[in-house]
Amino acid sequence: MTNPVPDDSPTEQLVVVTRKQPSLGRSSSLMAIASLVSRITGFLRQVALFTVLGATIINDSYTLSNTLPNIVYEFLIGGVLTSVMIPLLVRAQTEDRDGGEAYTRKLLTLAGIALVVATAVAMLAAPLLTRIYIGSQSTGTADPALATTLAYMLLPQIFFYGMGALLGSILNSRGAFGAFAWAPVLNNVVVIGVVAVYMVVPEGARLLVLGLGTTLGIAVQTVVLIPAVRRAGFRYRPVWGWDPRLTTAGGLAVWVTAYVLIGQAGLIITSRVAFAADQGAYAVYSNAWLLLQVPYGVLGVSLLTALMPRLSRSAAEGRTHDVVADLSLGTRLSAVFLVPISVLLTIFGTEVGVALFGLRQANLDGATLLGTTVAVSAFGLLPYGVTMLQLRVFYALTDSRTPTFIQLFTVAVKVPLLLLCPVLLPPHDVVLGLAAANAVSFVAGAVVGQVFLRRKLGRVPTGQVLGTVGRALLASVAAGLLALGAVTLLDRLLTDLSPLARAWIELAVAAVVMAVLTLIAMKLLRVREIDSALARLERLVDRRKPRRGASP
């Protein structure tokens with residue numbers, strides 16, 4: 001977890017098919033551990049920021065301004081970089097006589113120039129960008145001037161995001177996964193240190209520390225990759241010129257850019273409605289969204305990393321039945337893990353919010369609202385994971401047009417719901433409606449995505465997937481209700497504790513009870529995928545156990 005990202009970003013930390021196929025299992029394990037540590041430190045970072053800034057206009061302004069670099073990066077180069085340039089990088093390493101060295105140097109040179117120009121233009125347009133997402137008038141719930149000031153300090157991240165993505169892709173394509181996987185952890189540590197400095201410097205210097213310190217974290221995250229790239233055997237020298245392969249991929253780039261642009265319509269309306277409703281609403285919405293992304297992020301890396309290269313190879317070789325089988329497997333494994341987490345967050349979302357973000361008494365109201373926001377939108381967690389998996393399948397099939405149409409439908413469902421929130425809900429509860437609308441849009445997107453996949457791939461085992469989802473949901477709800485009963489009885493014994501301590505105890509009890517009962521219920525309901533998932537986790541653990549006679 002680094003910075004908040006747009007809801008509908010198509011770009012993720014991708015693992016590229018590498019030259020070192022035998023190390024795929026080990027690389028998957030490494031990525032799983034790094035992702036878990038990154039998510040943990042990322043949450044510590046978000047908790048630290050929310051503890052210091054609270055549900056305030058300052059946090060709203062900072063959160064939006066810190067999202068702008070991601071927005072500009074995705075729109076101008078991020079989606080194109082991931083879906084067009086990086087696949088060509090891997091192909092060049094296979095096809096070119098020099099192993100893709102010249103192409104890689106050209107790509108770095110062209111992308112570096114594009115990123116410098118994009119960063120400069122974005123900084124010049126900072127007032128316009130904040131006006132688009134907030135509005136131009138200062139109110140009791142929004143401060144465009146403050147957001148613009150922070151944007152000037154945060155927008156330079158665009159350059160570092162782009163270069164970091166390129167350097168990471170070079171590493172992954174050469175079978176070196178460690179540095180790229182662990183770099184976000186370093187960024188999180190830097191920002192946590194920035195928060196500590198923020199608390200002790202004079203008030204007049206705090207904004208400067210917050211803005212420049214956050215950008216420093218992204219810069220460090222990128223710079224630390226340079227020695228790793230050199231160790232991987234790549235030496236950069238500027239090479240000018242245009243590669244014809246980039247021209248042939250122009251159509252794909254256009255559709256990916258359209259995908260990003262359509263997604264921004266939903267984000268603009270979300271931010272406008274949030275800023276107009278209540279102070280702190282946008283920060284609460286963003287933190288709730290980040291919290292929901294954590295389970296998928298860990299699952300996606302630990303369980304699906306090894307699945308994606310296999311799926312890509314099947315698509316490239318025209319083995320449609322294998323693509324369908326891997327898609328079904330990935331969806332069912334996602335359901336086995338994400339459905340119980342969704343039920344846990346739905347029933348105990350308030351406790352999660354207070355436990356993670358209620359460190360200060362002054363923040364309890366905001367933490368409670370954040371937890372409630374998670375609870376009302378947790379049902380969108382599995383559909384989100386499914387849409388991300390479907391997106392990978394379409395891109396593996398070299399189809400970038402269909403995801404754009406699915407994105408258009410998703411945003412078309414979301415926008416009217418967003419606009420209804422301030423009409424139907426009181427200002428303080430508008431953020432709940434925004435989060436729920438976002439979740440509903442992912443449900444719609446997953447359904448439409450499945451329809452398009454069926455048209456493209458033929459028969460898709462939707463019934464088998466729904467059967468797994470239904471059994472996992474039944475097991476999780478039953479376990480969740482029993483856990484709720486146990487927590488309700490326990491609550492009578494915890495009345496003298498602080499809200500923070502009570503939330504942690506109740507959450508710990510609920511998690512343990514739900515985990516055990518859900519596993520038992522899934523076994524009784526014959527959810528076969530739980531055996532496959534547990535077997536894979538056992539292999540990950542066994543791989544780390546020292547062999548007999550070997551030093552630990």
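**Exercise 1. The setting of E506**

Task: In this predicted model, determine in which helix E506 is placed, and establish which side chain of opposite charge is nearest to this residue.

Solution.
Step 1. Locate the residue: E506 belongs to helix α20, which covers residues 499-524.
Step 2. Consider its charge partners. E506 is buried and has no salt bridge. The nearest side chain of opposite charge is that of R502, at 4.4 Å. A salt bridge requires a nitrogen-to-oxygen separation within 4 Å.
Step 3. List the surroundings. With neighbours within four places in sequence set aside, E506 is in contact with E351, V487, D491 and L494.

**Exercise 2. The salt bridges**

Task: State how many salt bridges the count gives, and identify the residue with which D491 forms one.

Solution.
Step 1. The count comes to 2 salt bridges.
Step 2. D491 pairs with R502, with a distance of 3.8 Å from N to O. Because D491 lies in helix α19 (residues 462-491) and R502 in helix α20, this pair ties together parts that are 11 residues apart in sequence.
Step 3. Assess accessibility. D491 is partly exposed, its relative accessible area being 31%; R502 is also partly exposed, at 22%.
Step 4. Turn to D322, which forms a salt bridge with R319; their closest N and O atoms are 2.4 Å apart. D322 is partly exposed at 23% relative accessibility, and R319 is partly exposed with a value of 27%.
Step 5. Relate this to the preceding exercise. R502 is the salt-bridge partner of D491, and R502 is likewise the nearest side chain of opposite charge to E506. D491, in turn, is one of the residues in contact with E506.

**Exercise 3. Aromatic pairs**

Task: Determine how many aromatic pairs the structure holds, and explain why the pair of Y296 and Y384 is classed as edge-to-face.

Solution.
Step 1. The structure holds 8 aromatic pairs.
Step 2. One of them joins F159 and F160 in an edge-to-face arrangement, with 5.4 Å from centre to centre and 80° between the planes. Both residues are partly exposed: F159 has a relative accessible area of 26%, and F160 one of 22%.
Step 3. For Y296 and Y384, the ring centres are 5.2 Å apart and the planes stand at 80°, so the pair is edge-to-face. The cut-off applied here is an angle over 60 degrees.
Step 4. Place this pair in the chain. Y296 is in helix α12 (residues 281-302) and Y384 in helix α16 (residues 381-396); the pair therefore ties together parts that are 88 residues apart in sequence.
Step 5. Examine burial. Y296 is buried, with a relative accessible area of 8%, and Y384 is buried, with 7%.
Step 6. Extend the view to the cluster: W289, Y296, Y384 and F442 form one aromatic cluster.

**Exercise 4. Helix α18 and G445**

Task: Compare the span of helix α18 with the expected value, and decide whether G445 is buried or exposed.

Solution.
Step 1. Helix α18 comprises 28 residues, 430-457. From its first C-alpha to its last it reaches 40 Å, close to the 40 Å expected at 1.5 Å a residue.
Step 2. G445 is found in this helix. With a relative accessible area of 0%, G445 is buried.
Step 3. Identify its contacts. Residues up to four places away in sequence not being counted, G445 touches T387, Q390, I406 and T410. The C-alpha atoms of G445 and T410 are separated by 5.1 Å, although these residues are 35 residues apart along the chain.
Step 4. Inspect the end of the helix: α18 is followed by G458, which has a positive phi near 95°.

**Exercise 5. A positive phi outside glycine**

Task: Determine where R526 lies and what its phi is.

Solution.
Step 1. R526 lies in the loop between α20 and α21 (529-544).
Step 2. Its phi is near 60°, a positive value in a residue other than glycine.
Step 3. R526 counts as exposed because its relative accessibility is 69%, and the cut-off for that class is over 50%.

**Exercise 6. The chain as a whole**

Task: State how many helices and strands the chain has, and what percentage of its residues count as buried.

Solution.
Step 1. The chain has 21 helices and 0 strands.
Step 2. Of its 552 residues, 55% count as buried.
Step 3. Among contacts in the chain with a separation of 6 or more, 84% join residues 24 or more positions apart.
Step 4. The accessible surface is about 23,000 Å², and carbon and sulfur atoms account for 67% of that surface.

Notes
Residues are numbered from 1 along each chain as its sequence is written. This is a predicted model: local features need pLDDT of at least 70, side-chain atom pairs count only at pLDDT 80 or more; totals for chains, interfaces and linings use all residues. Side-chain values use heavy atoms; hydrogens and water are left out. Helices (H or I, at least four residues) and strands (E, at least two) are DSSP runs, numbered from the N terminus. Buried means under 20% relative accessible area, exposed over 50%, partly exposed in between (1.4 Å probe, protein chains only). Lys and Arg count as positive and Asp and Glu as negative; His and the chain ends are not counted. Contact means heavy atoms within 4.5 Å. The expected span of a helix is 1.5 Å times one less than its number of residues. Accessible areas come from the Shrake-Rupley method with a 1.4 Å probe; for residues, only the protein chains shown count as cover. Rings of Phe, Tyr and Trp (its six-membered ring) pair if their centres lie within 6.5 Å; planes under 30 degrees apart count as stacked, over 60 as edge-to-face and the rest as tilted.
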